Amino acid sequence: MLVEGHGSGQNRGHGSDRLTPRSAAYDGALLASRWFGGWSFVSVVVVGLNHHAAPLQVLERMTVPPAGVEKALRSLQQAPDIDEVLVLSTCNRTEVYAVCETFHGAVGAIHGFFAELSGLDIAEFGKYLQTSFEHGSVRHLFGVASGLDSAVVGETEILGQVRRAWDMAREAGTCGPHLSALFRHSLEAGKRARTETAISRGTASVSHAAVELAAATLGGSLVGRSVLVLGTGEIGVSMVAALQTSGVSDVVVANRTRQKAVNLARRLGASYVGLDELGATLERVDVLLTATSALSSVLQVDDVEAVMAARRGKPLLIVDTALPRDVEPDVAKIEGVTLLDMVGIRSFVEAGLEERRKEIEHVEAIVEAEVARFEADAAGRQAAPVIRALRSRVENLRQSEFDRYAARLTPREAELVDHATRQLMAKLLHEPTVALKSHAGTIKGQRIADALRLLFDLEDDDAGVESEGL
């Protein structure tokens, strides 16, 4: 059942209230998460931190690297109150989406997960957590997929990140029919936002923003500069492409797995080095762009101090897009080094968003329309098992009575009686069917369903199959 929830989209004008144990929204979520009268009140909740509220030093401790996603998913699914779970972890957010039977139990388990992941006490990060449920969680995800909740509004990379998070959860066996329906539709909403509006026009990705920020810092252009890109994931690949589009001819790619660097360099016409050559390469390049998925800093203060000594006063610009950060923050204190991270990228992007901001209202309208369509489809599918069970029950009764008297009737009489009783059945079931469909997904719809079950002794055994549409 979908009930009104509180979203977390501060930039979109939606409600940003976090749920507390004493709030009316919290009580509503508890009601929505119960099993009542045999009807499954599927509760979808999202709990997480993002760049809007959490400082970088907290957010980076909450990052789940790709190699750790499966373990995280299995750990979360072991919680007795969580049926399905998906983790979305990017450079701007770490969020857990869960289908749960009890709201309080599921949220508590997710809080515990974040505490274990970060090594922090809930008191240290609880104020940064944002929780949405049902309508709010759907609206939040659709906004994320549409680029409304990104540091770079309208960025294109988030859509691929949402898809990969869904793929990883399905591969781990923790994403069932409810979350699959939700995430499938979120991708449709995201694609529609980018197709029908100009929200992604211009600098619409972290990778392009990092390249443009580097150019702006060095006087407006990187032409004639040498650039080292550390990391060969999606952002690293996009950085190399953006550099080449910007006219940079000297691009070097480095990665922990040398073959990945080799493959990327060959594909895009760059050169490559292994991590064992990182120091020597840094001694000659003008710019370092980092985007690895390392769990800790790749470059420490000592490393960069040695590099700067060898550079003999030649300045080095570093733009670190990774989370956790690839470069120790104190590197910024080294003379000759300019270190920019996601905070700097966000500030840079913020200054050039006016054109895309004009599209936000249009994208919000698309998001709301897609949320309404998703919820309408979900409500209709929730009603389907009861309607089918009701029709089956009445048809069985009709057929049983017809069979008792069919032998006494001529073929023509049997045909007329069969037709008349079918018509009568259809007319009798029309009103309850319409009522159930029109109120599906509401408390009133629940009461109608319960009444029909009681009056007709219904058993909709295939409700689980129908729940696939959520």
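**Pocket lining**

I looked up which element gives the most to the lining of the largest pocket, and H7 does, with 4 residues. The model is predicted, and I read every entry here with that in mind. Helix H7 spans 157-172, and strand E4 (82-89) and helix H10 (234-245) also give two or more residues to this lining.

I then took the pocket as a whole. Its volume is about 900 Å³. The lining has 35 residues, and Pro66, Gly233, Ala291, Thr292 and Ser293 lie nearest the centre of the pocket. I sorted the lining by residue class and got 19 nonpolar, 12 polar and 4 charged.

**Helix H3**

Next I went to H3, residues 69-77, and asked which of its residues are buried. I noted Val69, Ala72, Leu73 and Leu76. These four cover an arc of only 100° around the axis, so they sit on the same side of H3. The spacing fits the general rule: an α-helix has 3.6 residues a turn, so residues three or four places apart point the same way.

What do the buried residues of H3 pack against? I found E4, strand E5 (93-100), helix H4 (103-118) and H7. Two of these names were already in my pocket entry, since E4 and H7 each give two or more residues to the pocket lining.

**Aromatic pairs**

I counted aromatic pairs and the total came to 4. I wrote up two of them.

One is phenylalanine 103 with phenylalanine 133, which is edge-to-face, with 5.9 Å centre to centre and 70° between the planes. This pair links distant parts of the chain: phenylalanine 103 is in helix H4 and phenylalanine 133 in strand E6 (residues 130-133), 30 residues apart. I checked whether these rings are buried or exposed. Phenylalanine 103 has 2% relative accessibility and therefore counts as buried, the cut-off being under 20%. Phenylalanine 133 counts as buried because its relative accessibility is 1%.

The other pair is phenylalanine 113 with phenylalanine 114. I logged this pair as tilted, with 5.5 Å centre to centre and 55° between the planes. Why does phenylalanine 113 count as buried? Its relative accessibility is 8%, and the limit for buried is under 20%. For phenylalanine 114 the relative accessible area is 0%, so this residue is buried.

**Cross-reference**

I closed by putting the H4 entries side by side. Helix H4 is among the elements that the buried residues of H3 pack against, and H4 also holds phenylalanine 103 of the edge-to-face pair.

How values were computed. Residues are numbered from 1 along each chain as its sequence is written. This is a predicted model: local features need pLDDT of at least 70, side-chain atom pairs count only at pLDDT 80 or more; totals for chains, interfaces and linings use all residues. Side-chain values use heavy atoms; hydrogens and water are left out. On a 1 Å grid over the protein atoms alone, a cavity is a set of points where a 1.4 Å probe fits but cannot get out, and a pocket is an open set with protein on both sides within 12 Å along at least five of seven lines; lining residues have an atom within 4 Å of a point. Grid points are joined across faces, edges and corners, and a volume is the space filled by probe spheres set on the points. Ala, Val, Leu, Ile, Met, Phe, Trp, Tyr, Cys and Pro count as nonpolar, Asp, Glu, Lys and Arg as charged, and the others, Gly among them, as polar. Buried means under 20% relative accessible area, exposed over 50%, partly exposed in between (1.4 Å probe, protein chains only). The arc is that of the directions from the helix axis to the C-beta atoms. Contact means heavy atoms within 4.5 Å. Rings of Phe, Tyr and Trp (its six-membered ring) pair if their centres lie within 6.5 Å; planes under 30 degrees apart count as stacked, over 60 as edge-to-face and the rest as tilted.
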